[in-house]
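Biologist: Please take a close look at one buried side chain in this model and its surroundings, and then set it beside the salt bridges found elsewhere in the chain.

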Amino acid sequence: MRTARRYIAREIYRSTTVVLVALVGLFMFFALIDGLDKVGDHLTLLNLFYLQVLDLPNHLYELLPIGLLIGAVLALAGLAQRNELTILRASGVSGLKLLGTLWLITIPLVAGAFILSEYITPAAELQGSESRLALMGRTDGGRLSSGYWFKESNPESGGTRVINLHKLDGQGHVQGVILYEFRADDTLKAYVEAADGQFGDGHLALSSVTETRIEPQSAGALANAKVPTSPISQVIKLKSRSIPTSLTPERLIARILTPERMAISDLLDYIGYLKNNNLQTDRQEVALWRKIAYPFTLLVMMTIATPIGFMQTRRGGVGIKVFLGIILGVGFFMLNQLALNAGMLGNWPPWATALVPSMLGLGCALIVLLAMEHRHPLALWWRQRRLQRKPA
């Protein structure tokens, strides 16, 4: 069985690679065509190719489940057409045992997807975001036209602090820093501007600082509409200032990346930061559960491909199997997106949003596979009905 497993694995890996190259190339081609109208003085055609290369890991990660389904269908259909699956079945290999073999074959793909998701995709997404900002003046992810915004508690005053960063240069270095410091009663305490800053372990080191301190009596003085007897604000210029903060370089990166393209460890840390500052975490939690369920999705794709590969090829050949595999893959992708949108609108638990489509696909595939087994009661009942309908 080990020799057969290696042979089947080689066929599936080869077919999946061919399908992934075709799908990724197709998606990159359309993205390239869509970006041609942005080519100009600041964005050259070479820059556009560079941005598309940085998107390659994300395309590969998103298309791997569909590519695995179509590739497995192609490989199993080829084995069935050459009667190699028939030989395995005749030698005593049941459908469920073959399915277990296919799951073992999927494990290296799961490991590769984990490395791609945890290390390669976040780094490429970060570089792509900074490159788009430099070349096009905008970026995807969490950046607004006014920059990146963060909110956190202020341990010095017991209030809150809002931080606006115009540009992230990587490794915790930032430019164009603006801080709004509020007291516990939500009145403005200080307005701070700095040319640049550096996030370190629990602190933000600012340079070229202009701080406007607002006195507590300022609100009352303005309400009386009289000339105050003492200044209500004070402007101070400092060469440097260190501010305690819960933000880290990793959390700055998490703000740039879309949740689906972040590493699991970064997602967990960022969710903890958002919860500590009473910020919404729904999208991040759903993205975390979807990443956890991703290996299970690959197993579901292989399970769906198994009964399609067992279908007889005399009534339409391999083309029908491939077409059916594509339809099922696209349908599963649409079901996944529908569950994501419905879960966000209906406030479903994050685990349900991520796992329900995969559980439905796995259940349907297992039912079909068991029904195709000759020794299964459902298959025997169906064959008896077919024999009864045939004329004598």
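Modeller: Contact here means heavy atoms within 4.5 Å. The model is a predicted one, and the residue chosen for the close look is T303, which belongs to helix α10 (residues 294-310). T303 has a relative accessible area of 0% and is therefore buried, the limit for that class being under 20%. When neighbours within four places in sequence are left aside, the residues in contact with T303 are L99, W103, L362, A365 and L366. With W103, one of these residues, T303 also makes a polar contact from side chain to side chain, at 3.0 Å.

Turning to the charged pairs, the whole structure holds nine salt bridges. One of them joins R261 to E125, with 2.7 Å between the closest N and O atoms. R261 sits in the loop between α7 (249-256) and α8 (264-276), whereas E125 is part of helix α5 (residues 95-136), so this pair ties together parts that lie 136 residues apart in sequence. The two partners fall into separate accessibility classes: R261, at 21% relative accessibility, is partly exposed, while E125, at 7%, is buried.

A further group of charged residues is connected through R241. The side chain of R241 forms a salt bridge with that of E181, the N to O distance being 3.5 Å. Distant parts of the chain are linked by this pair, since R241 is in strand β6 (residues 233-244) and E181 in strand β3 (residues 173-182), 60 residues apart. Both R241 and E181 are buried.

R241 also meets the side chain of E211 in a salt bridge, at 3.2 Å from N to O. Here the link runs between strand β5 (residues 203-214), which carries E211, and strand β6, which carries R241, with the two positions 30 residues apart in sequence. E211 has a relative accessible area of 4% and is thus buried. R241, at 16% relative accessibility, also counts as buried, because the class covers values under 20%.

These two pairs belong to a wider arrangement: a network of salt bridges links E152, R161, E181, E211, R213 and R241. R241 thus takes part in salt bridges with E181 and with E211, and is itself buried. To return to the residue chosen at the outset, T303 is likewise buried, and its side chain has a polar partner in the side chain of W103.

How values were computed:
Residues numbered from 1 in each chain as written. Predicted model: local features only at pLDDT ≥ 70, side-chain atom pairs only at ≥ 80, totals over all residues. Heavy atoms only, no water. Salt bridge = Lys/Arg side-chain N within 4 Å of Asp/Glu carboxyl O. Helix = DSSP H or I, 4+ residues; strand = E, 2+ residues; numbered from the N terminus. Buried < 20%, exposed > 50% of the residue type's maximum accessible area, 1.4 Å probe, protein only. Polar contact = N/O pair within 3.5 Å; in protein donor to acceptor, adjacent residues only side chain to side chain.
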